[in-house]
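Reader: Hi! I'm new to reading protein structures, and I'd like a close look at one part instead of a quick tour of everything. Could you take me through the sheet and whatever packs around it?

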Amino acid sequence: HSAANAEEILRGLTNFDWLIFPDAFAAEFFLAALERLGIDFFDLDELRIVAVGESVSDRLRFARVHADIVADSVSAASVFEAMTDY
C-alpha cells in the first residue's frame, strides 16, 4: 500500500511547486527512487528546489539537478525565509 502511494507521488512530481531536501541522505534516497522508477531527472526542472546546505546542493548538482535555493540552516524559519526571499 505505502510503496504504491510513494510511486504514485513520485510519478506526479509536477503536481508540486517545491521540493525541499533537508540533507544529503534525503537527496540520495529521492534520486535513487526516481532512477529506480525510470523518471528523468530533467523533469525536476519544472519544480523549485531547496537544498539545505552545500553538501545537498553538491549531491543534486552531481545528478545535474539545479537547486534554486541553498539554505544555510535546516530550521523551518530559515528555509521559509529563503523561500519567501526567492
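Author: Sure, here's a walk through the sheet, strand by strand, and then out to the helices and the core.

One thing before we start: this is a predicted model, so read everything below as a description of that prediction.

Let's get the layout first. The sheet is open and has 3 strands, in the order S1-S2-S3, with parallel pairing. S1 and S3 are at the edges and have a single partner strand each, so one side of each has no neighbour in the sheet. The strands don't line up perfectly either: on average, neighbours in this sheet are turned by 20° against each other, ignoring direction. Helix H3 packs on the sheet, where it touches S1, S2 and S3, and its direction makes about 130° with that of S2.

Now for the strand between those two edges. S2 covers residues 48–52, and 4 of its 5 residues are buried. On one side, 4 bridges tie S2 to S1, which is residues 18–21, and the two run parallel. If you want to find this pairing on screen, look for Trp18, whose bridge partner in S2 is Arg48. Another spot to check is Phe21, which has Ala51 as its bridge partner in S2. With S3 (residues 69–71), S2 pairs over 3 bridges, again in the parallel sense. Here you can look for Val50, whose bridge partner in S3 is Ile69.

How does the chain get from strand to strand? S1, helix H2 (residues 24–37) and S2 form a β-α-β unit, and that unit is right-handed. From S2 the chain then crosses through H3, residues 54–62, to S3, and this β-α-β crossover is right-handed.

Next, zoom in on the side chains of S1. In a regular strand, side chains alternate between the two faces of the sheet. You can see that pattern in S1: Leu19 and Phe21 point to one face and are buried, while Trp18 and Ile20 point to the other face and are not buried.

Where do those buried side chains end up? Leu19 and Phe21 are among the residues with the most contacts inside the largest nonpolar core, which has 19 residues; Phe30, Leu44, Ile49 and Leu60 are on that list too. S1, H2, S2 and H3 are the elements that give two or more residues to this core. H2 gives the most, with 5 residues. Leu19 makes a nice case to click on: setting aside neighbours within four places in sequence, Leu19 is in contact with Leu13, Phe30, Leu44, Leu47, Arg48, Ile49 and Val50. There's another core apart from this one, made of 5 residues, including Val50, Val52, Ile69 and Val79.

Since H2 came up, let's see what it meets. The axes of H2 and helix H1 (residues 2–11) come within 11 Å and cross at roughly 90°. H1 and H2 are therefore roughly perpendicular to each other. On the H1 side, the contact is made by Glu7, Leu10 and Arg11, and on the H2 side by Phe30, Ala33, Leu34 and Leu37.

Two single residues are worth a click before you go. Ser57 sits in H3. With a relative accessibility of 5%, Ser57 counts as buried, because the cut-off is under 20%. Leaving out neighbours within four places in sequence, Ser57 is in contact with Ala51, Ala67 and Val70.

Asp68 is in the loop between H3 and S3. Its relative accessible area is 24%, so Asp68 is partly exposed. Not counting residues up to four places away in sequence, Asp68 touches Leu47, Arg48, Ile49 and Tyr86. You can also compare Asp68 with Asp45: they are 23 residues apart along the chain, and their C-alpha atoms are separated by 9.8 Å.

Methods
Residues numbered from 1 in each chain as written. Predicted model: local features only at pLDDT ≥ 70, side-chain atom pairs only at ≥ 80, totals over all residues. Heavy atoms only, no water. Buried < 20%, exposed > 50% of the residue type's maximum accessible area, 1.4 Å probe, protein only. Pairing = 2+ DSSP bridges. Right-handed = clockwise from strand over helix to strand, strands pointing away. Axes fitted to C-alpha atoms, helices over the stretch in contact; angles between N-to-C directions. Contact = heavy atoms within 4.5 Å. Core = buried A, V, L, I, M, F, W, Y, C linked by side-chain atoms within 4.5 Å. Parallel < 35°, antiparallel > 145°, perpendicular 65-115°, else oblique.
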